[in-house]
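Biologist: Please take a close look at one buried position in this model, and then set it beside the other parts that deserve attention. I would value a connected account that ends with the surroundings of the ligand.

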Amino acid sequence: MTLALVTGIGGQDGAWLAARLLQDGVQVIGTHRPSSTAGNWRLDELGIAAHPRLRLVALDPGDAAACRQLVADIAPDVIYHLAGQSRVADSFRDPLGSVAVNGIGTLNLLEAMRRHAPDSHFVLAASAEIFGTAPAPQDETTPPQAASPYGLSKLVAHAAIGAWRASFGLTASSAILFNHESELRDEAFVTRKISRAAARIALGREHDIALGNLDAQRDFGYAPEYMDALVAMGAREPGDDYVLATGHAASVREFATAAFAAAGIELEWSGQGLAETARDRRDGRVRVRVDPTLLRPVDAPLLVGNAHKARKLLGFAPRVGLAELTRRMVEADLARERAMQGG
Ligand code: NDP
């Protein structure tokens, strides 16, 4: 039986990936930080928390000895390294912490694999933020221009994959992930913040939402489809780098419009810059406004990926578009809201 180690199993991606692997008959060992059980609700929502082939262990990827010990003990066939500081906004507040967790954490696991399970396969969750301000569309050949500490942290990790592949012949792959969202997205991310607010406003439990840069354009995919591609990466030899993206850009404004529409609210936008607002067409009430404190020091203006290579070699074929994505997220938030408050 294949044994997979999934770091960061309690996160959005870790939960979807674990569900897919368990469905495939794989034995899964998932890690969470020693201090954290924050993501267990996702395993519960997917109905896999008590799965007989799933075991959870505590691991701090920053602890080299602990990484070595775990990999030596379990000798995984595949290591999916998803754990990390995952929020661009947080990385401006703690830049060194971000680079240390994402960079050194990846090196610790690569070293653990090199020493104790050199025939394993390694799959890293890197990020489109490594491209920063590089012109779109970005693919595997685009020279990185990381513009945030988070982008740099993922660039360190991504470069380590290439270096360990070249230096030690490891089967190590890097998934250059463009944004991917789902019902399990953390509320700290703007997409889930929007879907939850749209649901709460539709139920009359909130009046409006404040957002930062409405013009930032991202390539929004659906997380489970991206995790299927990670599984395909984990099965391939030799290791390689793959951009995973839909190839379509949408602004935060467009995401909000689609999410509110999914909640039955038609938005009408007016004004510019900090004065821009979106009103509810039915009653003219302001539902979206801009809060300057939410603007980032630097924001990659346009991240849109060309996933031609992954389509060809991994069979990656994302099907869920913006309308369907926002519909799934808003419906899940409506259901949670109704369950939570007896609505
Ligand atoms: P989440 O924030 O949902 O999950 C991240 C996981 O990492 C959590 O389960 C958390 O586990 C763990 N984690 C958080 N902070 C730390 C830390 N300081 N040290 C060690 N572990 C930590 O993110 P996603 O599931 O969406 O993303 C998975 C990976 O993919 C991340 O590395 C992210 O950077 C990357 N990625 C995601 C994209 C997306 O759009 N979703 C786009 C590009 C890259 P716990 O609290 O249980 O320890």
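Modeller: I begin with Glu337, a residue of helix H11, which spans residues 322–340. The model is a predicted one. The relative accessible area of Glu337 is 1%, and because buried means under 20%, this residue counts as buried. Once residues up to four places away in sequence are set aside, the contacts of Glu337 are with Arg196, Arg200, Leu203 and Arg205.

A second buried position is Leu211, which belongs to strand S8 (residues 209–211). Its relative accessibility is 1%, so Leu211 is classed as buried. Neighbours within four places in sequence aside, Leu211 touches Val190, Lys193, Ile194, Val252, Val288, Arg289, Val290, Asp291 and Leu294. Leu5 lies 206 residues from Leu211 along the chain, and 37 Å separates the C-alpha atoms of the two.

Strand S11 covers residues 241–244. In a regular strand, side chains alternate between the two faces of the sheet. In S11, Asp241 and Val243 point one way, while Tyr242 and Leu244 point the other way. These four residues are all buried. S11 runs parallel to strand S6 (residues 171–177), and four bridges join the two. Within this pairing, Leu177 is placed opposite Leu244 of S11.

The loop between helix H8 (223–235) and S11 holds Pro238. The peptide bond that leads from Glu237 to Pro238 is cis, and its omega is near -10 degrees. Another cis peptide bond links Ala136 to Pro137, with omega about -5 degrees. Pro137 sits in the loop between S5 and H6. The backbone at Ala75 also merits inspection: this residue is not a glycine, yet its phi is positive, at about 45 degrees. Ala75 is part of the loop between helix H3 (64–74) and strand S4 (78–81). With a relative accessible area of 43%, Ala75 is partly exposed, because that class lies between 20% and 50%.

I turn last to the ligand. The ligand is surrounded by 24 residues, and the closest are Arg33, Ser36, Leu82, Ser86 and Tyr150. Polar atoms of three of these residues can be followed in detail. The side chain of Arg33 has an N or O atom 2.8 Å from an oxygen atom of the ligand. For Ser36, a polar side-chain atom is 2.8 Å from a ligand oxygen atom. At Leu82 the atom concerned is a polar backbone atom, and an oxygen atom of the ligand lies 2.8 Å from it. On its own the ligand has 890 Å² of accessible area, of which the protein covers 90%.

The shell around the ligand draws at least two residues from each of helix H1 (12–23), strand S5 (121–127) and helix H6 (149–168). Strand S5 gives the most, with three residues. Sorted by class, the shell contains nine nonpolar, 11 polar and four charged residues. Two of the elements that supply this shell, S5 and H6, are also those that flank the loop with Pro137.

Notes:
Residues are numbered from 1 along each chain as its sequence is written. This is a predicted model: local features need pLDDT of at least 70, side-chain atom pairs count only at pLDDT 80 or more; totals for chains, interfaces and linings use all residues. Side-chain values use heavy atoms; hydrogens and water are left out. A residue is near a molecule or strand if one of its heavy atoms lies within 4 Å of it. A polar contact is a pair of N or O atoms within 3.5 Å; within protein, one must be able to donate a hydrogen and the other to accept it, and residues adjacent in sequence count only if both atoms are side-chain atoms. Accessible areas come from the Shrake-Rupley method with a 1.4 Å probe; for residues, only the protein chains shown count as cover. Ala, Val, Leu, Ile, Met, Phe, Trp, Tyr, Cys and Pro count as nonpolar, Asp, Glu, Lys and Arg as charged, and the others, Gly among them, as polar. Buried means under 20% relative accessible area, exposed over 50%, partly exposed in between (1.4 Å probe, protein chains only). Two strands pair if DSSP finds at least two bridges between them. Contact means heavy atoms within 4.5 Å.
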